[in-house]
Each structure stands twice: as structure tokens, then as C-alpha cells.
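Work through the exercises below with the model open. Each task is followed by its solution.

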Amino acid sequence: MTTNWLEGVTEKLIPTSLGLINVRVGGRSDGPAMVCWPSLMMDGTMWQYQYEHFAPTHRVVLIDSPGHGKSDALRKIIDLKDCSDVLVEILDALGIDKCILVGNSWGGMLAGVFPAHYPQRTAAAIGINCTASLPTTVESIWATALSTFLSLHSKMPPLAAKAARAAFAGPTAEATNPEFTEFTEFVLRDDPKSVAWALRSILIGRKDEHRRLNTIGNVPVLIIAGEEDSQFPVHVVRKMADAIEGSTFRVLQHTAHLAARENPEGVNAEIDAFLAALPATV
């Protein structure tokens, strides 16, 4: 793993229906396109270890989701269909016909519904730490309180880092992975008002998508759960996978909610095995 991993990566702002979206593009220019959509409160750089692993074989696109990173601020309610439409606009702008979509949390939910909305644009989808269920009462109360608190600030308050660490880091990371727990302070770079809108949209306002997932056909899908994920427990993630006919389901031991960043070796190995079993055209 290099310290200058963004060297050679092209960065650009793409106009979309949700404003300018920042993307980073690199890797093998003639390889299959792998598009990575991050978790809420993260930007495209959370995929560093996936980029380093897949760049030799894939054209890798790292997206700063709406309201995050260098993308335009988010100031309205959106849903996963809006995100799907934005992803198509990004693919069109980059000249990508079909992509392998990889997402964690918010991105994982999108990786579930995108093949339902746009199967012709999806070569394969990998959803990590994701759900297709309605928010629980506890989740709604927690996210509503946090979004209300954040909406009152112009700069991300220190309390947000504590909330992110509690949401993202499990017992194993807390005990053995100080680099990852320190990384969760990344959220202090966020626009709190944008995060508040994203919380209202993606967490509090999300719909039950299981019936939509039932419509997916002929698109290979891998769903990965983290054994220690307190946000979307294994049984919730498994229910999402069960709704997608023919999907592959895997559980990563000793791993919590931000698996792609906490346990990149495990995530990358599962993606490698999944892609290796697909037809050579993917």
C-alpha cells in the first residue's frame, strides 16, 4: 500500500441531476469498469485499499456521493432512485456501458437497487454492510436526533466523530485496529448540513426494497455482511441477499459496518472470488 495512491488518478466534476459530483478515475484504462460508491459520511477515498488492489486489472471509478467530499452540497431529500439516475449520468459522462458496482452501506443499498432499475448498465453488483429494510424505531430516533443536531452547525462538531466511531467500529477494531478507529475521524471534514440531509434521506426515509430486489434477474450480485455490524446486523443483510435470486452471501468475521475500509483484505478476497466465478465477459 502506497502513500501516493492517488498518483495518476484523474479527478473531475460531472454535472448531474443532483449537482456536480466529484469522481476519481484511474487504474487500467482498457479494463472492466469498477465503480465504488461510499458509505454515508465518507467520500471516494475510503476505497483506497480496493483501488490499490483492483487498479492493475480494472478501470476504477471512485465517487464522492451527493453532499460529500468535493461534490456539491446536499440540501434536499433524495432517494436511491435519484442516486441510481445520478450513477447512470456518471457512467454516460465517462463512456461506460456497464459497470461492476461496489458499495458500502449507502453504496451497498444502491448496489442492491441499481440492477433492478438499470440491469442493462450492471455487469455485476457487490453490496457491503447494507439493508433493504425499513429503519427500526431505534435507528429512526438515533438518526433523527443526529441529523437535527448536525443541521444546526456550519462546521462538523466533534461529537460527530464519536457518533461515527460508535457506528463504524466494532469490538475487534476497537481492540486491535487503532489506525481504523482514528480513520473514523474523517467525518470531521464533512459538511454537517449535507450529512443531515443524507441521514434524513438514506437512513430515516428509506423504503422497504425487498420486492424491488425480487425483480433482479441475470445480474450477478454479491452481498457481504460484517459479523460485528451494529448498524445492519447479519440477519438484516441476509434478508436482503435472500430477496435477490441467485445472489451470493458472505459474512466477514470480526468485522463491523465499514468493512471495505476496516477489513480490506477480507472484502477484496470475497470480491476476487466472486468475480473469478463469473463469465469472462464480466
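**Exercise 1. Locate Ser 105, then describe its backbone and burial.**

Step 1: Ser 105 sits in the loop that joins strand S5 (99-104) to H3. Helices (H or I, at least four residues) and strands (E, at least two) are DSSP runs, numbered from the N terminus.
Step 2: The phi of Ser 105 is positive, near 60 degrees, in a residue other than glycine.
Step 3: Ser 105 counts as buried because its relative accessibility is 6%. Buried means under 20% relative accessible area, exposed over 50%, partly exposed in between (1.4 Å probe, protein chains only).

The model is predicted: local features need pLDDT of at least 70, side-chain atom pairs count only at pLDDT 80 or more, and totals for chains, interfaces and linings use all residues. Residues are numbered from 1 along each chain as its sequence is written, and side-chain values use heavy atoms, with hydrogens and water left out.

**Exercise 2. Do the same for Met 41.**

Step 1: Met 41 belongs to the loop between strand S3 (33-37) and helix H1 (48-54).
Step 2: Met 41 is not a glycine, yet its phi is positive, about 75 degrees.
Step 3: With a relative accessible area of 6%, Met 41 is buried.

**Exercise 3. Place Thr 122 and list what it touches.**

Step 1: Thr 122 is found in strand S6 (residues 122-128).
Step 2: Its relative accessible area is 2%, so Thr 122 is buried.
Step 3: Set aside neighbours within four places in sequence. Thr 122 is then in contact (heavy atoms within 4.5 Å) with Lys 98, Cys 99, Phe 114, Pro 115 and Val 219.
Step 4: The side chain of Thr 122 reaches the backbone oxygen of Tyr 118 at 2.9 Å.

**Exercise 4. Check the length of H2 and inspect both ends.**

Step 1: H2 has 15 residues, so at 1.5 Å a residue it should span 21 Å. The expected span is 1.5 Å times one less than the number of residues.
Step 2: The end C-alpha atoms of H2 are 21 Å apart, which agrees.
Step 3: At the start of H2, a side-chain oxygen of Asp 79 comes to within 3.1 Å of the backbone nitrogen of Lys 81.
Step 4: Gly 95 follows H2, with a positive phi near 70 degrees.
Step 5: The buried residues of H2 include Leu 80, Cys 83, Leu 87, Leu 91 and Leu 94.

**Exercise 5. How many cavities of 30 Å³ or more does the whole structure hold? Describe the largest cavity.**

Step 1: The search finds 1 cavity. On a 1 Å grid over the protein atoms alone, a cavity is a set of points where a 1.4 Å probe fits but cannot get out; a pocket is an open set with protein on both sides within 12 Å along at least five of seven lines; lining residues have an atom within 4 Å of a point.
Step 2: The largest cavity has a volume of about 170 Å³. Grid points are joined across faces, edges and corners, and a volume is the space filled by probe spheres set on the points.
Step 3: Its lining has 19 residues, with Trp 142, Phe 168, Leu 203, Gln 231 and His 257 nearest the centre.
Step 4: H5 gives the most to this lining, 4 residues.

**Exercise 6. Describe the largest pocket.**

Step 1: The largest pocket has a volume of about 220 Å³.
Step 2: Among its 13 lining residues, Thr 136, Glu 139, Ser 230, Gln 231 and Pro 233 lie nearest its centre.
Step 3: H4 gives the most to the lining of the largest pocket, with 3 residues.

Conventions. Polar contact = N/O pair within 3.5 Å; in protein donor to acceptor, adjacent residues only side chain to side chain.
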